[in-house]
2 protein chains.
Amino acid sequence: METTPPARPAAPAPDLRVEGCTALVHGLSGDDGPDGIGFAEDVDVEVSGGLITRVGPARDRSEPRGAPPPAEVLDGRGLLAVPGLVNCHTHAAMVLFRGAAEDVDVHTWFNGRIWPMESNLTERDVELGALLACAEMLLGGTTTFADHYFHMDAVARAVEVSGVRADLGWASFSSDGPAGRERGLDFALRQRGAAAGRITTSLAPHAPYTVTEPDLAVVAEQAREHHLPVHLHAAETLEQTRASLERTGATPVQVLARTGLLDVEVLVAHGTGVVEADLPLLAQAAERGLVGVASSPRFYLKAAHGTTPIRALTSAGVPVGLATDGAASNGDLDLWASLEVTSLVQKSLGGEGDPTWMTSRQVLHHATTQSAQALHLADPRSSRGAVGRLAPGFRADVALLDLSAPHLQPVHDLAATLVHATRPGDVRHVVVDGRVVVRDRRVLTVDVPAVLEELRPRLAALTRRDVGRIQTYRP
Amino acid sequence: METTPPARPAAPAPDLRVEGCTALVHGLSGDDGPDGIGFAEDVDVEVSGGLITRVGPARDRSEPRGAPPPAEVLDGRGLLAVPGLVNCHTHAAMVLFRGAAEDVDVHTWFNGRIWPMESNLTERDVELGALLACAEMLLGGTTTFADHYFHMDAVARAVEVSGVRADLGWASFSSDGPAGRERGLDFALRQRGAAAGRITTSLAPHAPYTVTEPDLAVVAEQAREHHLPVHLHAAETLEQTRASLERTGATPVQVLARTGLLDVEVLVAHGTGVVEADLPLLAQAAERGLVGVASSPRFYLKAAHGTTPIRALTSAGVPVGLATDGAASNGDLDLWASLEVTSLVQKSLGGEGDPTWMTSRQVLHHATTQSAQALHLADPRSSRGAVGRLAPGFRADVALLDLSAPHLQPVHDLAATLVHATRPGDVRHVVVDGRVVVRDRRVLTVDVPAVLEELRPRLAALTRRDVGRIQTYRP
C-alpha cells in the first residue's frame, strides 16, 4: 500500500513523521465503503503544513539514504494509528453538569434540570467547561467535535488553546428574537477559519420545536448566502415527530424540507424520530451531499428514546456520524463507547434484530468517513479541509493506540478490537493538524488541575435550579 | 459512620491500612437496598488476616497516638474505595477467542465458530488465557469471578498465581457421559477452599439444552449431598424457552424446578428467556436464598437476544448480579461497561421504557450486594466468605479509583460517575484478600508480556475450525 503523491522526491522535510506503526486505511481495492477499511502494517505517516503527505512503507526500508529528516518523530512501533475520531454532535461545556440530571425523563431533564441550570452559565463557566471537555476528548483520541451551545467565543478560545479541531455554532431560539439569530450569524462569520483553520462554523438554530418555521427559513437563507452549514436538533424522539405532525401537519424533517434547510448543508442531531415519510426527503438531500445525521446512542437508551434508524438511513444513502451529545446526558464524551453501543444497539433495535448487520467495519466507516461527511469535512479540496482518513491531502489528525494491554489481547480482528474493546485510556499519542497535543497519555495543551481548581467554587452556583430557565421544553 | 467492632482497642496491628480515602458504603440508615448506598469521606479501611476489620474516620484524627502501625499502608487520599467488582458469569480463558466470532447469530457463533475452536484447546492454552483474563479483570478492579469452563485445574492455577478470587466450575455435557459429571464433582471437591480460600467451587452442568433432565437431577443430588452450589446456563434466549416448551412441555426454569435444581444453591446465567410462568418458581427459590441470576447485557444486544428482565426478577425478589460472559461474546471483561449498559438497557428494554428505573444506585446494588448474593458469597458467617461490601467481616477486596481525570470531573453524583463515566483504566490500586495485587495501574502478579509471548505462536492452531466441534447447538 503506497499512497504517496508523485511530487514526493522533491518535497521538503516533513514536519512530523510517525514511524513504523500499523495504520487504519480506507479505500482498499478501490472500495470506499466499510469493506475497503483495512490495516496496513509497518508504515510511516508523514505530515507537512498540517496535512498528511504520505502514508506508506516505513522509511528505513523504502527510502534512499540522505532523505531530509523530519522536524519531529513519533515512534509508532507497536502502535495502531487511526484517524482522529470525530464527535458529530456535542455541547462540550455541558461537562459542567455531568451527573446533575440523572434518571429522569426528557421533560424533567430539560425543564427541571438542564434549562434551569443553564440559566446560571457565565461565559467563563463555558470556557472552563469547554477546556475540560477538550482535554477529555483529546485524551480519548477525539480530534474534531461539532459543538452547538452558548457563549461560543469562549468555546472558540478553548479550541484555540487546546489544539483540537471543531465546528462551532451559537445556538438560538425564536424566543431570543432576531438578535439571537444575528448573534449566531455574526459568530459564524467572525470565527470561520479561526485557530489557524481548525475552527469551522455553522448556523445553529436549536430545533424545529423551539424555532418557528419563518425563522428556520431565514436561517436557511443565511446559510445559502454565506455558504455556511446548519447544525440543529431535529426529530430527536418519536414523541417530537408525533407532536410536530399534530401541531403543523408535518414531521420535523418535513419542516426542514419546507423551510429550505434540506437545500443547504445541514447536520441533523439525533433523528430517533425519523419516520418512513422522511426518508425520500433525506435521500434527495443526501444525493446532493447536503445532509448528515449525528447519532449518540447512549443517551437514547438512557432516556428510552429508541435509537437512530441507521439501517433505513443507510439504505437512503444518508451519512450517519457518531456522537456523544453532552456529558449531562451521555455521562462523558467517550466516542469509543459510542462506537460500541452503535454496534450493539443497531444489531438489536436499529437493525431489526439482525446480529450480522452493523459489523465492526461498518461502525468504523460511520466513525470515520461518514462522520466527516456529516460535518462537511470530507472533501480535501474544500476550504473547510477534510478529516477522517489517513491519506495524503487530509488534515493530519491521528490517534495512536497502544494495544498491548491485557484487555486488547490477543487480536484476531483489529476492527472488532477497536469497536468492542478499545477504551479512551488506550490512546497514547494524539496529533491534530500535525501538532502533538497528547503524548504518553498526557494532554500538553490544557492545565487540567488549574481548570478544576477554578471550577470548584463555581459548582454550587452553577447547579442552582431556582433562578430561571432558558426555555421550556414543549415538543 | 463508624463500623468498628467492639474488640478494636485490643486488636493487633492491621496488615494493611488504606488511609484517608472516600469509600462506597452500604446500609446507611439501616437500609440494605440501593438507597442505603452512600459515600463516606476521609475514612480508613483496615485489613487483618484478609478481612476488613474497620472502615471509619481516618486514624490521624480519631486514634490515640501509639496505636500499632499497619504492616502496609496505601495512601487513599483523593481516591475512591469501592468493593472489588464481582463478575458473576464468565469463561475467563475465552479471551483467547476475543474478536474471533464476530457479527454472527448465536447458531453460527456456537456451531461455526466457538465450539469448533474450543476443540483445539489444550490445558496450557486455558491456563494462558485465564492468566491474561485475570490480569485484565484485576486491572479493571474486578476481584471475583465465576468461571464455567474446561481444564479448570489450569484456571485454578491462574487464580492462585494472580491473586484474584473465583468460583470455579468444570462444565459438563450429557454427551460426555457420567465421566464428565464425575470430573466436575471431583474438581469441585478437590479445589474447594484452594488458593488460601480464594477459590470456591460449583457444579457446572452446561445448560438444560445440553444436559438431560435425569443428568440435571443427578447434579442436584450431588449438590445437596456435598453442599456445593450449581452454576449453569439456562433460559439464555426466548428461542431456547420456546424450544424447551416444544420439546419438553416446560420452560428451562421449569426444568430446573422439576429436576431439583431450584432446591439447591443455583446461579442461572443470562435468563433473557425467563418468562412470566418462571417468576413464581424463581421467587420461591429466592425466598430460601437459593437462586441468583447473572446478567451480561452487552452480548445480548450484540446477538439481538433482548435482555434479562431485571425489573420482573427484582419484583420477584431474585438477586441479579452483573457479568461479562466471555470475551469472545462480550469483546472484553470490562465490568464497568456491564454496569453502564445495564443502566441503559434496563431503562429502555428491561424496564419497559422507564428512564427513572434502574438508577445508578440500583446498578451499584446489583454490582455489589446482589452480585455477591448471586454467587453465594454474601454471608460473612459462611465458610465461603463474603464479598461486595466494605464492612468489617467481609473479605478485603477493594478497588481504589482515581477520579481526577477530565472524563470524571466535575463530580455532582458519585453513583452516576461510577456507572456512566468510570472506565477500567481509572482503577489505580486493587487489593484482594488484603493483598495488593495492582499498584499504580500495574498488575504485580502476572507477567503479561511473557503470557502473550507464549500465546502468540499458538493462536493459528487455536482458531482452526476444521478439526472438530465439542458440541452442536440445538436449543
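1. Buried area is taken here as the accessible area (1.4 Å probe) that two parts lose on being put together, summed over both. By this reckoning, chain A and chain B bury about 4200 Å² between them, with 63% of it on carbon and sulfur atoms. On the chain A side, A:Asp103, A:Pro406 and A:His412 lose the most area to chain B, together 16% of what that side buries.

2. The model is predicted: local features need pLDDT of at least 70, side-chain atom pairs count only at pLDDT 80 or more, and totals for chains, interfaces and linings use all residues. Residues are numbered from 1 along each chain as its sequence is written, chains are lettered from A in the order in which they are written, and side-chain values use heavy atoms, with hydrogens and water left out.

3. The contact (heavy atoms within 4.5 Å) takes 54 residues from chain A and 54 residues from chain B. Because 100% of the interface residues of chain A are also interface residues in chain B, the copies meet through the same surface.

4. Superposing chain A on chain B (least squares on the C-alpha atoms of residues with pLDDT of at least 70 in both) requires a rotation of 180° with 0.0 Å of shift along its axis, at RMSD 0.0 Å. That is the relation of a two-fold axis. A:Gly425 is the residue of chain A that comes closest to the rotation axis, at 3.1 Å (C-alpha).

5. Across the interface of chain A and chain B there are 8 salt bridges, each defined as a side-chain nitrogen of Lys or Arg within 4 Å of a carboxyl oxygen of Asp or Glu. A salt bridge also joins the side chains of B:Asp332 and A:Arg423 (2.6 Å, N to O).
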